[in-house]
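Trainee: I have a model open and want to learn how to read it. Where should I begin?
Mentor: Begin with confidence, then move on to contacts and sheets.

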Amino acid sequence: MALPNTNNASATIKRVRFWYGLLTIVLVVFGIRLFFLQVVDYSHYHAAALSDQLKQYQIPADRGIIEAQDGSNVVPIVLNQKLYTLYADPVYIKHPNQVAAKIVPVIGGNANQYAGLMHTKNTRYVILAKKLSPSQNQRVLALRIPGIGTQGQDYRVYPEGSLASQVLGFVDGNGKGQYGIEQALNKQLSGKAGQVKAVTDVNGVPLPATKGNIEQPPVNGDTVVTTLDLPMQAQMEKILQQEYKKTKSQGISALIMDPDTGQIKAMANYPTYDPSNYQNVTNPAVFQNGAVTDAIEPGSSMKTLTTSAALDQGVIQPNSSFYDPAHWVINGFNITDIAQDGGAREQNIASILALSLNTGATWMLMQMSDPGHTQITAKGINAWHNYMVNHFRLGQPTGIEQGYESAGYVPPANMNDPSIDLRYANTSFGQGVQLTALQLGAALSSVLNGGTYYQPTLVSETIKASGQTQVNKPKVVEKHTVGPNIGKELIPLMQNVVTTYHNEGFSYMSFPSNYIVGGKTGTAQVAKPTGGYYKNTYNGTYVGFVGGDKPQYVIVVFNIKPGIPGYAGSYAGQPVFSDLAHMLIDNSYVTPKTSP
Amino acid sequence: MWSSHPASGRRRPPRRIRPEAAESKLGRRHRPDYWLMIWCAVLLAIGLMVVYAISPALGITNHTQGSYYVTKQLLAIGLSVAAFFVTARIPLQWWQRAYKPLLVAAGLATLLALALPVNPAYPAHRWVRFGGLSFESVELVQFAVMVWLATFLARRVRQGTIKSMKLTLKPLVIALLIIGVVIVGIQSDLGSAGVIVAMMATMAYVAGLPLKKIMLIGGAVLIMLVLAIAATPYRRARLESYLHPQSNCHGSGYQACQALIAVGSGGMVGLGLGSGVQAYGYLPEAANDSIFAIYAEKFGFVGAIILLAIFMAFFTRLKNIAERLPDDFSRFLVIGILAWLSIQTFINIGAMIGLLPLKGITLPFISYGGTSVVFSVAAIGLAFQASQYTAFTANRLVDEEAAAGDAVRRPGAARAGRAGIRGNNGSRRPDWRDNARRAGY
């Protein structure tokens, strides 16, 4: 038997063993390396793994919707719609051109542009498209392209278009409410975002069976039911638009409120905007709800409050009369009437309001100072200031659910001011004092309802995500602004103003006899920002009420710088009030008198 | 492997050759090495288990059904078992005559792979497809080269011309050039080429080709390698990310970084079979090239060491078989199998633990992938066939060594002897187990 060469075989085996030794060394080195990776540096790699895998993010809460009154129904005026943002993780996209070609048929747009975005270096997140519809979202996800994902985002939709847009406000790109109710009740509407802390797959989807996942579900925002009466609001907006053109004004604000609850039934401004396209608004001033955010000098409509204060103090009676000298000299300045038609003669409270006598308002301030005399003293100034600030709550925000509410301005009763008498003579008829339409309406409401200042509000109730309803009951802020009878005394005085204007030829100021309608015009000089007043530029204001057995609606109109001749209050403020009052009566919003 | 701890006193006594044992022409035939088969099965089972565990996760990035990978892997294992039973029955000497058709088949498969249209997801021309089936031509090339080289080297050893420049070195260099041009140049498969070249070097070294000459060729190969890397941007990027692993974790170094994170975050005992996270789209090629990292994440340091130990035990069986084989051809063939599989293991695991650059090489038996599994298991079929033979000389060598060792280290060992293996002198009838024990079972 020919045996193989023993030496040769043994040499071969030695080489095999040498090679095998090398292999053993390699595997031992691997074992040592594994020890360093997995045991020594474990915490480093554990942390690195978690920083990739453990994702913490918020589950957004659904923003609460906003509803309004429509007859006996409640209908939504702000809803949510989920739209989707399409993003790419370039690390997972090997062939951007192919991916772009796949998504273009679904989302439209330019394939080259998408491919370019997906080529972006050093990022894990590139936004390809925004505002995809739910069906586009489904179709894109159905393509199942690695590295392509979508994120849902809520957008506000407005079934009533631009209706009440300035009262509602809008929600910006960051999900934050801006202006109006959206801003004021942002926290309530937003709800509370949920938290998720979870180990996820590479696309951020939490793995099902991982220990230590923390999930806190979101609490959706409250539904806010407003006090706004939709049909009333719609008609008011139509009226404002028409009058805006007729009076060639720079803007009109108006509100209708319930004097017995403080609820705002309609509130609008013109010009306005479309909240679903708020991005396209060039002049951000139109975002403001002027009825709440813009305080102006109201002019003679202020006389209703001065009269109420003087009546309540008991220094005048509804039938008081006095000799009007047609001008007072105070601090060396003449106080005269805009309407110089009467001259010096005997006047009474009714004619002070009907003829809008500045001398009459000043006289009432004099009576508050020292009854029976014609001088202004600290007593009268302090009393008037007390009524306006502490009773009628002027000079401070009312606290209505609106963004950017203005505080207005009442000059301080500073007796060291050498021209304080003149200053207060002016404020008695509405110059040198600044009010918002809402402040004026809320103050007059408290007089008319018998002395209760209700918190002005736009919210009738809120409904929590749990279904629990919180009714926003009328909240009494001030129990006794004036005595319970002052309203009853003021009502005929203000009705008389309406009758007087009707008799003077303002035919539209005629109302059916089974309703009570009262009001007061205001033609206010417009202050220059630098001091002093513009010549021939006025704001027309009007404050009034409509009712049957008692006032049921208080209406305030601010017509900013109308471009037509005549007294702004009479020719620009009054017709708007008239239209609104007729609208309320014609649509049976007002309950007529029970005994004619 | 023969000498146990001196304190144990368990030492095999020197033995005479037992001519009465069953024998073939060159050596004795006996029971095959079932441990080889068992370790192979264990490795396949581990791979299948990991593929099963991460199958749902793979769907995240590959958009497949949860059972897709397991089903395909089971199919591959079924095929490989069939291949094993074929190769395990073919007498080893038969392959000496088969290398030419094998080379031709490998060449045809490669040409076919180059001619067929490519899958856009894997643009390299490496796959031969018929219908739903596909296989990687390079696996057949590897196998054919191994059989050819064993035949070639055995002939040169028999002729005594193993050290001849013209007769031995020249054909080897030509073979290297062909592999370089076709596999590296055209198929762009540097990893597989590296495995083939390293396998060839190992076989040539074991056959007795002078180390100097191998080094010379190695130097030439190295220069070619540098050129190949410099010529292709993605290889440069891979090398770059290998040299500076933390610098580019979001770019070309992403896979290397994620592999290290997977291995490292496994810790001492791992996250558990069902709890790994990196397979969920973080670590690319989780079922294929990166499967060791996924395994290490699931089973930790303990599991990784156990897997390395199983591989080592498995390679040791192959080495032992090679050592005691009666003829050079068989020995070179088994060494080729050992080199082929161990170098793949070395390159794959080395890349996963950040010691080597990523090469796109699968982990034998563990990685998902039909061609690799079938060819690896078929090769083990050859080794299994080979494990039935032991050279007389090998026995003698073993016995002489043991005796020498005893004489030097433990003079009393022969006397002490172990009662249990006295078999032939005692009542127990002699059988193939004696050969097996001698051979180091």
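**Reading the model**

Mentor: This model is predicted. Start where confidence is poor: residues 1–9 of chain B keep a pLDDT under 50, and the model gives them eleven contacts beyond four places in sequence. Residues 14–24 of chain B also have pLDDT below 50, with 25 contacts beyond near neighbours in sequence.

Trainee: What is the mean pLDDT of chain B?
Mentor: The mean is 80, and 78% of the residues of chain B reach 70 or more.

Trainee: Where in chain B is confidence lowest, and where is it highest?
Mentor: Helix H14 (residues 413–416) of chain B is lowest, with a mean of 40. H10(B) is highest, at 95.

Trainee: Which scores does the model have as a whole?
Mentor: Its ipTM is 0.82 and its pTM is 0.63.

Trainee: Now the contact between the chains. How many residues does each chain give?
Mentor: Chain A gives 43 residues and chain B gives 46. On the chain B side, six helices each supply at least two residues: H1 (34–62), H6 (190–207), H9 (254–266), H10 (291–324), H11 (328–352) and H13 (392–409). H10(B) gives the most, with eleven residues.

Trainee: What kinds of residue make up the side of chain B that touches chain A?
Mentor: That side has 28 nonpolar residues, 14 polar and four charged.

Trainee: On to sheets. How do strands of a sheet pair?
Mentor: They pair through backbone hydrogen bonds, either parallel or antiparallel. Here, chain A has an open sheet of five strands, ordered S12-S11-S23-S22-S21, and the pairing is antiparallel.

Trainee: Why is one side of S12 and of S21 in chain A left without a neighbour in the sheet?
Mentor: Strand S12 (264–270) and strand S21 (516–527) of chain A stand at the edges. Each has a single partner strand, so one side of each has no neighbour in the sheet. Between neighbouring strands of this sheet, the average turn is 10°, direction ignored.

Trainee: How many bridges join S11 to S23 in chain A?
Mentor: Seven bridges join S11 (residues 251–257) to S23 (residues 551–560) of chain A, and the two strands run antiparallel. Look for Ile256(A), which stands opposite Ile555(A) in S23(A).

Trainee: Which strands does helix H9 of chain A lie across?
Mentor: Helix H9 (residues 230–246) of chain A lies across S11 and S12 of chain A, at about 30° to S12(A). Helix H17 (residues 486–503) of chain A also packs on the sheet, touching S21, S22 (533–547) and S23 of chain A. The direction of H17 of chain A makes about 75° with that of S21(A).

Definitions and conventions:
Residues numbered from 1 in each chain as written. Chains lettered and ligands numbered in written order. Predicted model: local features only at pLDDT ≥ 70, side-chain atom pairs only at ≥ 80, totals over all residues. Contact = placed C-beta atoms within 7 Å. Helix = DSSP H or I, 4+ residues; strand = E, 2+ residues; numbered from the N terminus. Nonpolar A, V, L, I, M, F, W, Y, C, P; charged D, E, K, R; others polar. pLDDT = per-residue confidence, 0-100. Pairing = 2+ DSSP bridges. Axes fitted to C-alpha atoms, helices over the stretch in contact; angles between N-to-C directions.
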